[in-house]
Structure formats: structure tokens, C-alpha cells
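Subject: Structure for your review

Dear colleague,

I am handing over the structure below, and I would be grateful if you could look through it alongside the notes that follow.

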Amino acid sequence: MEKLLELAAKFPAASEYLSTIYLIRRDYEKVTNAKLAERMEVSRPAVSQAVKRLKSLDLVDQDLYGLIKLTEKGENYASSVLRRHYLIEHLLVDMLAYPWEKSDVEAKNLQDKISTEFTNHLYEKLGRPDRCPHGNPMPGSEAEKTIVKSTRLHHAELGQVVRVQRITEEGEEIPGLLHACHEFGIRPNEIFLVKEKNEENLNLVRVSDDARGVINNLFASYIDIETIGI
Ligand SMILES: [Zn+2]
């Protein structure tokens with residue numbers, strides 16, 4: 001059996017732990033038990049247990065300050081889980097016309113069930129995408145270097161014109177967020193003008209058709225943008 005499938009069979013939560021550690025590091029650099037517990041929505045003792053198990057499998061390490069790091073082996077697993085996740089999302093959205101805002105959940109269910117051969121087949125068939133349908137870059141891609149450090153939408157200024165880069169993986173997990181984005185067409189590459197701003201919301205105008213929409217600041221804080229004009 002392939003290594004990833006083997007690991008998934010004996011430690012089902014491993015793929016989610018490893019990919020979550022990868023994603024926290026990508027966005028915040030430091031991975032603590034507390035942050036991991038928050039993202040995995042489990043207790044801290046549960047995280048400690050899991051980390052212990054991942055350590056015994058030589059997938060993670062912890063330094064003197066308790067910061068969690070992926071070993072080379074852990075890094076490889078995390079990258080291949082995320083790659084599968086993103087390709088399944090594309091399969092669902094691009095080929096099967098499954099709703100964009102629901103694809104993340106289904107992809108999670110399937111991500112450690114498919115073989116490397118099928119993953120590579122998907123990659124070719126889908127035209128070698130370098131990000132997921134929500135804009136998150138493939139591990140190791142060029143896109144990963146630029147997208148990850150961009151500005152978040154709630155920091156956009158009044159009158160600015162911004163292009164959406166991605167709905168962060170963390171944001172995809174916030175209940176209602178993808179749905180709200182879908183309702184108003186907030187997707188990678190769409191361009192918006194920041195028309196109004198207050199403590200709770202941003203009022204946006206979609207440049208392509210002048211449609212108006214509102215997004216709350218909490219949701220906006222999980223959306224990466226690039227400024228293209230004022
Ligand atoms: Zn996605």
C-alpha cells in the first residue's frame with residue numbers, strides 16, 4: 001500500500017494534523033499546541049496526544065519552546081495531502097460543476113483516499129493548476145511565494161481598487177464565509193472598489209458589473225487581496 005494511504009489507515013487524523021501544521025506555518029510562521037487545538041477544534045490534551053504520536057512516527061519535532069515543526073517526512077506528507085485536497089476541489093468544481101462553496105468539505109473527505117497515480121492524472125487533466133479554486137497556492141509552487149504574504153481585505157482603504165487573491169484555507173473553515181463570498185462573487189481575480197468602510201462592514205462594488213455588496217470585517221480578514229489602484 002502507498003505510504004500516505006497506509007498512514008491514513010492507521011492514524012486517520014494524521015493527514016489533517018500535518019496539513020494544518022503546514023498551513024499555520026505558512027500563514028503565521030509559529031505553530032503552537034494552542035493554535036493547532038484552535039484550528040483542529042479539539043482540546044489541548046488531544047493535540048498533545050496527537051503530536052506525541054506524530055513525533056513517534058518521525059513526522060514532527062518540537063523545539064525547546066514547544067513550537068511544532070514538520071520533519072522532512074512530515075513535510076512531504078503535508079504537501080501531498082494539500083495537493084490532493086486542491087486537485088479534488090478542482091475536480092469537483094471544474095469538472096463536476098459541484099458548488100464552489102461546498103467543495104472544501106467534500107475534498108476533506110476524499111483527500112487521503114486517492115492514489116498518487118490518480119492524483120498525478122488529475123493534475124495533468126486539470127491543466128496543472130498552481131492553486132485551489134479558492135486561490136490557495138499549491139505547496140512548493142511559485143504562487144506560494146507571492147500570495148501568502150499579501151494584504152487582507154479588511155485592511156483595504158476607502159476608495160481602493162483591489163483584486164482578490166485567495167480565500168485563505170483558514171477562512172474556508174469559518175462557517176458561512178465561503179457562502180457569503182459565493183453570494184457576492186468574491187472569488188480569486190475578481191476586482192472590487194472599496195466604496196464604504198465602517199467598524200463592522202466593507203461595502204464593495206464589483207468592477208466588472210457595478211454590483212454592490214457587503215462583507216463583514218471578520219470574513220474580510222480571511223481574504224487576501226492585492227491593491228491595483230486608488
Ligand atoms: Zn480551496
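Two strands are said to pair if DSSP finds at least two bridges between them. With that in mind, Val 161 stands opposite Gly 229 in strand 8, and this is one place to begin reading the sheet. Please keep in mind throughout that this is a predicted model.

On confidence, the protein chain has a mean pLDDT of 93, with 99% of its residues at 70 or more. Among the elements of the chain, the highest mean pLDDT, 97, belongs to strand 2 (residues 68–70), while the lowest, 80, belongs to helix 1 (residues 3–10). As a general caution, predicted coordinates should not be read in detail where pLDDT is low.

The sheet is open and has 6 strands in the order 3-8-4-5-6-7, with antiparallel pairing. Its edges are formed by strand 3 and strand 7 (212–216), each of which pairs on one side only. Strand 8 (residues 223–229) runs antiparallel to strand 3 (residues 151–152), to which 2 bridges join it, and strand 4 (residues 161–167) is likewise antiparallel to strand 8, in this case through 6 bridges. Asp 224 in strand 8 is worth locating when you open the file: Arg 152 stands opposite Asp 224, and Arg 166 also stands opposite Asp 224.

Turning to the helices, helix 3 (residues 33–40) and helix 4 (residues 44–56) pack with their axes 9 Å apart and at an angle of about 105°, which makes helix 3 roughly perpendicular to helix 4, because angles of 65 to 115 degrees are counted in that class. From helix 3 the contact takes Asn 33, Ala 34, Leu 36, Ala 37 and Met 40, and from helix 4 it takes Arg 44, Val 47, Ser 48 and Val 51. By class, the residues of this contact are 6 nonpolar, 2 polar and 1 charged.

The other helix pair I would point to is helix 5 (residues 72–95) with helix 7 (residues 116–125), whose axes come within 10 Å and cross at roughly 50°, so that helix 5 is oblique to helix 7. The crossing of helix 5 and helix 7 is left-handed. On the helix 5 side, Arg 83, Arg 84, Leu 87 and Leu 91 meet Thr 119, Leu 122 and Tyr 123 of helix 7, and the contact of these two helices comprises 4 nonpolar, 1 polar and 2 charged residues.

With best regards

Technical notes:
Residues numbered from 1 in each chain as written. Predicted model: local features only at pLDDT ≥ 70, side-chain atom pairs only at ≥ 80, totals over all residues. Helix = DSSP H or I, 4+ residues; strand = E, 2+ residues; numbered from the N terminus. pLDDT = per-residue confidence, 0-100. Axes fitted to C-alpha atoms, helices over the stretch in contact; angles between N-to-C directions. Parallel < 35°, antiparallel > 145°, perpendicular 65-115°, else oblique. Left-handed = near helix turned anticlockwise from the far one by under 90°. Contact = placed C-beta atoms within 7 Å. Nonpolar A, V, L, I, M, F, W, Y, C, P; charged D, E, K, R; others polar.
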